[in-house]
Amino acid sequence: MLVADSVTAGYRAGAVIREVDLQVAPGEIVGITGDSGSGKTTLARTMAGLVAPSGGTVTVDGRSPRRARGTIAMVFQSPRAATNPHFTIARIITEPTTISRTPPPDLTELAATVGLTPDLLTRRPHALSDGQLQRACLARALAQSPRYLILDEPTAMLDAATTATIIRLVMHRTDLGTLLISHDQPLLTAACTRILTMHEGTLKTHPESPH
Ligand SMILES: Nc1ncnc2c1ncn2[C@@H]1O[C@H](COP(=O)(O)OP(=O)(O)OP(=O)(O)O)[C@@H](O)[C@H]1O
């Protein structure tokens, strides 16, 4: 289970999220929506271990996110900002497994899973569309065989086909616990087992949540 227990976190200017409790179990897709600036990305980064909480704890199957490295993978809103423009797509996808010295993925199979043709693997990011590059970012996340996936507005500005690919993949992985941040209400309703709303740094159950 990926758990935030009374987590307060933010930046130098102060706390952005306050005393947030959240649990994501394997097989669940927990959706988070809310106003711009309410703290969704900060929560995502804190759950991924990229921002240290100033209060409370985040645990991943009972361990700190740092100790559980490789267990959580994150896909960011902007695939351009999240990829090295000098690397080939193949290198981008395999970079985390290279760093962690874990077995590399079968690139051709993984590319097919996310809907990328093998010829794109030798290109660099500038030669891919935003949708293709976001598919590569999803492949990079899945290459790590994570138990938890944090998707921070992964489909913002993407076409319907890429959105459908990403969501279908996540929905079929019943071993994976997913935190999906999105402004796309129909997408959240279609994909999520639960939906929460972030408002000024605190979480509430969304009125349209299935549970
Ligand atoms: N790196 C940072 N340093 C300082 N303040 C930050 C940083 N990142 C975000 N903030 C501030 O934290 C607050 C919450 O931002 P956050 O990105 O978490 O919101 P959000 O709900 O994800 O917004 P959006 O829907 O627009 O992406 C904002 O006031 C923002 O200015």
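**Exercise 1. The two sides of helix H3**

Task: In this predicted model, find which residues on the other side of H3 are exposed, and then work out how the buried ones are arranged.

Solution.
- Step 1. Start with the open side, where Glu109 and Ala112 are exposed.
- Step 2. Now list the buried residues of H3, which spans residues 107-114: Leu110, Ala111 and Val114.
- Step 3. Look down the axis of H3: its buried residues fall within an arc of 100°, so they line one face of the helix.
- Step 4. A general rule helps here: an α-helix has 3.6 residues a turn, so residues three or four places apart point the same way.
- Step 5. Ask what lies over the buried residues of H3. The cover includes helix H2 (89-100), helix H4 (130-143) and helix H5 (160-172).

**Exercise 2. The ends of H3**

Task: Find which residue caps the N-terminal end of H3, and which residue follows the helix.

Solution.
- Step 1. At the N-terminal end, the cap is aspartate 106. One of its side-chain oxygens lies 3.3 Å from the backbone nitrogen of threonine 108.
- Step 2. At the other end, H3 is followed by glycine 115. The phi of glycine 115 is positive, near 80°.

**Exercise 3. The shell around the ligand**

Task: Identify which helix gives the most residues to the shell around the ligand, and which polar atoms of the protein lie by ligand oxygens.

Solution.
- Step 1. Collect the surrounding residues. They are Tyr11, Val16, Asp35, Ser36, Gly37, Ser38, Gly39, Lys40, Thr41, Thr42, Glu153 and His183.
- Step 2. Sort the shell by character: two residues are nonpolar, seven are polar and three are charged.
- Step 3. Ask which helix contributes most. That is H1 (residues 40-47), with three residues.
- Step 4. Check the distances one by one. For lysine 40, a polar side-chain atom lies 2.8 Å from a ligand oxygen. Threonine 41 places a polar backbone atom 2.8 Å from an oxygen of the ligand. With threonine 42, the side chain has an N or O atom 2.6 Å from a ligand oxygen.
- Step 5. Finish with coverage: on its own the ligand has 640 Å² of accessible area, and the protein covers 56% of that.

**Exercise 4. Threonine 46 and helix H1**

Task: Decide whether threonine 46 is buried or exposed, and describe what surrounds it.

Solution.
- Step 1. Place the residue: threonine 46 belongs to helix H1.
- Step 2. Look at the helix as a whole. H1 is mostly covered, with six of its eight residues buried. These are Lys40, Thr42, Leu43, Ala44, Thr46 and Met47.
- Step 3. Apply the cut-off. Buried means under 20% relative accessible area, and threonine 46 has 1%, so threonine 46 is buried.
- Step 4. Follow the side chain of threonine 46, which reaches the backbone oxygen of threonine 42 at 2.6 Å.
- Step 5. Set aside neighbours within four places in sequence, and the contacts of threonine 46 are Val7, Ala9, Ile17, Val51, Pro53 and Val58.
- Step 6. Step past the end of H1 to glycine 49, which follows the helix with a positive phi near 85°.

**Exercise 5. Two serines with positive phi**

Task: Describe where serine 6 and serine 145 lie, and how accessible each one is.

Solution.
- Step 1. Recall the background: most residues other than glycine have a negative phi.
- Step 2. Take serine 6. Its phi is positive, near 50°, and the residue lies in strand E1 (residues 2-11). With 29% relative accessibility, serine 6 counts as partly exposed.
- Step 3. Take serine 145. Its phi is also positive, at about 45°, and the residue sits in the loop between H4 and strand E6 (148-152). Serine 145 has a relative accessible area of 55%, so this residue is exposed.

**Exercise 6. Sequence distance and distance in space**

Task: Work out how far proline 85 is from arginine 124, and how far proline 207 is from phenylalanine 87.

Solution.
- Step 1. Locate proline 85 in the loop between strand E5 (72-75) and H2.
- Step 2. Proline 85 and arginine 124 are 39 residues apart in sequence, with their C-alpha atoms 6.4 Å apart. Beyond neighbours within four places in sequence, proline 85 is in contact with Arg124 and Pro125.
- Step 3. Turn to proline 207, in the segment after strand E9 (202-205). This proline is exposed, at 77% relative accessible area.
- Step 4. Proline 207 and phenylalanine 87 are 120 residues apart in sequence, and 44 Å separates their C-alpha atoms.

Terms used
Residues are numbered from 1 along each chain as its sequence is written. This is a predicted model: local features need pLDDT of at least 70, side-chain atom pairs count only at pLDDT 80 or more; totals for chains, interfaces and linings use all residues. Side-chain values use heavy atoms; hydrogens and water are left out. A residue is near a molecule or strand if one of its heavy atoms lies within 4 Å of it. A polar contact is a pair of N or O atoms within 3.5 Å; within protein, one must be able to donate a hydrogen and the other to accept it, and residues adjacent in sequence count only if both atoms are side-chain atoms. Accessible areas come from the Shrake-Rupley method with a 1.4 Å probe; for residues, only the protein chains shown count as cover. Helices (H or I, at least four residues) and strands (E, at least two) are DSSP runs, numbered from the N terminus. Ala, Val, Leu, Ile, Met, Phe, Trp, Tyr, Cys and Pro count as nonpolar, Asp, Glu, Lys and Arg as charged, and the others, Gly among them, as polar. Buried means under 20% relative accessible area, exposed over 50%, partly exposed in between (1.4 Å probe, protein chains only). The arc is that of the directions from the helix axis to the C-beta atoms. Contact means heavy atoms within 4.5 Å.
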